[in-house]
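Visitor: I would like a close look at a single part of this model, namely the charged side-chain pairs and their surroundings. Please take me through them slowly, with the exposure of each partner.

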Amino acid sequence: MYAEIEYVGEEEEVVIYHAASPFYFIITEDVRGYEIDYAMDTPLIGTTLKKGEPLVEPYRKSGGYSDQSEKEFVEFIKEFLHNDGFPSGFYTINGFTDFYVEKGNHIKEEYKIEAQINIKVSN
C-alpha cells in the first residue's frame, strides 16, 4: 500500500509544507472495531514537487496499545506490528494528505485530500 500525489500546476515546481510526511493513514478493522493508530513526528518540513513527477511513499506500519487496552486488542496489535501484511479481517483504510503552499505575502493555501479503500484479508 502506498500514497501518491503529483503536482500538475503551471509552475515547474512547488514546495509543500507538512509534518514528517505529507501522508497519513487511519485504519479500522471493522469486525473487531479496532482502530490502528498512525503516529507521526510533527516537525515542519518542506518538500519540492516537480511538475509531472509523483511523490510516492509506502505505508509504514504504526500502532500501539496501553496497559488499559483489552488483551485481545494487545494481541491483535502485536500480530499486526510484528508480521508481514495484516491479520485476517475486514479493513477500512483512510489515506490523507495534509499540507500547505505559500502563495506570497505570507498567504498560505491549505490542502487536505482524503481517499478510502476497503480490503478483506484472509490468511
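Guide: Glutamate 57 has a relative accessibility of 17%, and because buried is the term for anything under 20%, this residue counts as buried. In this predicted model, glutamate 57 forms a salt bridge with arginine 60, and the closest N and O atoms of the two are 3.4 Å apart. The partner, arginine 60, is partly exposed, at a relative accessible area of 46%, so this bridge joins a buried acid to a partly exposed base.

The pair belongs to a set of three salt bridges that the structure holds. Another of them brings together the side chains of arginine 32 and glutamate 29, with an N to O distance of 3.6 Å. Here glutamate 29 is buried, with a relative accessibility of 0%, while arginine 32, at 39%, is partly exposed. A buried glutamate is thus found in this bridge, as it is in the bridge of glutamate 57.

The salt bridge between lysine 50 and glutamate 13 has an N to O distance of 3.9 Å, to be read against a cut-off that asks for a nitrogen within 4 Å of a carboxyl oxygen. This pair links distant parts of the chain, since lysine 50 lies in strand 5 (residues 45-50) and glutamate 13 in strand 2 (residues 13-18), with their positions 37 residues apart in the numbering. As for exposure, lysine 50 has a relative accessible area of 40% and is partly exposed, and glutamate 13, with 44%, is partly exposed as well.

Beyond the charged pairs, two further places may be added to the picture. Histidine 106 sits in the loop between strand 7 (89-102) and strand 8 (108-121), and its phi is near 60°, a positive value in a residue other than glycine. With a relative accessibility of 82%, histidine 106 counts as exposed, because the term applies over 50%.

On the other side of strand 8, in the segment that follows it, is serine 122, which is likewise exposed, with a relative accessible area of 57%. The C-alpha atom of serine 122 is separated by 32 Å from that of lysine 112, although the two residues are ten apart along the chain.

Conventions: Residues numbered from 1 in each chain as written. Predicted model: local features only at pLDDT ≥ 70, side-chain atom pairs only at ≥ 80, totals over all residues. Heavy atoms only, no water. Helix = DSSP H or I, 4+ residues; strand = E, 2+ residues; numbered from the N terminus. Buried < 20%, exposed > 50% of the residue type's maximum accessible area, 1.4 Å probe, protein only.
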